[in-house]
Amino acid sequence: AKLKENGYTSARIVVGKYKRMERRYHVWVSFTDENGETFVLDPTIQRRFWKQGDFSDGFYIPYYSFDGQNRYCHKGLTS
């Protein structure tokens, strides 16, 4: 909600896996800036925003996300 209040209209809560081989699910926030760059905010592991591209494909695998109005199912769920 705070991100949206500050103009980050694309902010979403994401449920998925932090690492592909993890057994547990993980939750983080993602948003895309005006240049189309996607960022991850994960206060349980990181203390700042990170570009999604800074992580290899085996990290931050989204299954579901919610933007405050709409729910999304991501392809990570089937891989």
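**Reading a six-stranded sheet**

Modeller: Pro-62 lies in strand β5, and that residue is our point of entry into this structure, which is a predicted model.

Biologist: Is Pro-62 buried, partly exposed or exposed?

Modeller: Burial is judged from relative accessible area, with buried meaning under 20% and exposed over 50%. Pro-62 has a relative accessible area of 26% and is therefore partly exposed. Its C-alpha lies 6.6 Å from that of Lys-17, although the two residues are 45 apart in sequence.

Biologist: Which residue of β5 is the bridge partner of Lys-17?

Modeller: Strands of a sheet pair through backbone hydrogen bonds, in either a parallel or an antiparallel sense. Here Lys-17 has Ile-61 in β5 as its bridge partner. The pairing of β1 with β5 (residues 59-66) is antiparallel and extends over six bridges. Ile-13 and Phe-66 of β5 also stand opposite each other.

Biologist: How many bridges join β1 to β2, and in which sense do these strands run?

Modeller: Strand β1 (residues 12-19) and strand β2 (residues 26-32) run antiparallel and are joined by five bridges. Arg-12 is partnered by Ser-30 in β2, while Val-15 stands opposite Val-27. The two strands form a hairpin, with six residues between them.

Biologist: Which residue takes a positive phi in the hairpin of β2 and β3?

Modeller: That residue is Gly-36, with phi near 85°, in a hairpin that has five residues between its strands. The strands themselves, β2 and β3 (residues 38-41), are antiparallel and share four bridges. Thr-32 stands opposite Thr-38 of β3.

Biologist: In what order do the six strands of the open sheet stand?

Modeller: The order is β4-β3-β2-β1-β5-β6, and the pairing is antiparallel. The edges are formed by β4 (50-51) and β6 (71-73), each of which pairs on one side only.

Biologist: Which residues make up the largest nonpolar core?

Modeller: Nonpolar side chains tend to be buried together in soluble globular proteins. In this model the largest such core has six residues: Val-14, Tyr-18, Trp-28, Val-40, Phe-55 and Tyr-60. Trp-28 illustrates the packing: beyond its neighbours within four places in sequence, its contacts include the core members Val-14, Val-40 and Tyr-60. Arg-12, Lys-17 and Asp-42 are also among its contacts, as is Pro-62, where we began.

Biologist: Is Tyr-60 buried or exposed?

Modeller: Tyr-60 is found in β5. With a relative accessible area of 3%, Tyr-60 is under the 20% cut-off and therefore counts as buried. Its backbone deserves inspection as well: phi is near 50°, a positive value in a residue other than glycine.

Biologist: What does Phe-39 touch, not counting residues up to four places away in sequence?

Modeller: In a regular strand, side chains alternate between the two faces of the sheet. Phe-39 is found in strand β3, and its relative accessibility of 16% falls under the 20% limit, so Phe-39 counts as buried. Phe-39 touches Val-29, Ser-30, Phe-31, Asp-33, Phe-49, Trp-50, Lys-51 and Gln-52. By contrast, 17 Å separates the C-alpha atoms of Phe-39 and Lys-19, which are 20 residues apart along the chain.

Biologist: Which residues line the second largest pocket?

Modeller: A pocket may be described by its volume, the residues that line it and the elements that supply them. The second largest pocket holds about 180 Å³ of space. Ala-1, Lys-2, Leu-3, Lys-4, Ala-11, Arg-12, Ile-13, Val-29, Phe-66, Asp-67 and Gly-68 form its lining. The lining includes Ile-13 and Phe-66, the pair that stand opposite each other across β1 and β5.

Biologist: Which element supplies the largest share of that lining?

Modeller: The largest share comes from α1, with three residues. Both α1 (2-5) and β1 supply at least two residues of the lining. By class, six of the lining residues are nonpolar, one is polar and four are charged.

Notes. Residues numbered from 1 in each chain as written. Predicted model: local features only at pLDDT ≥ 70, side-chain atom pairs only at ≥ 80, totals over all residues. Heavy atoms only, no water. Pairing = 2+ DSSP bridges. Core = buried A, V, L, I, M, F, W, Y, C linked by side-chain atoms within 4.5 Å. Buried < 20%, exposed > 50% of the residue type's maximum accessible area, 1.4 Å probe, protein only. Contact = heavy atoms within 4.5 Å. 1 Å grid on protein atoms, 1.4 Å probe; cavity = no way out; pocket = protein on both sides within 12 Å on 5 of 7 lines; lining within 4 Å. Points joined across faces, edges and corners; volume = space filled by probe spheres on them. Nonpolar A, V, L, I, M, F, W, Y, C, P; charged D, E, K, R; others polar.
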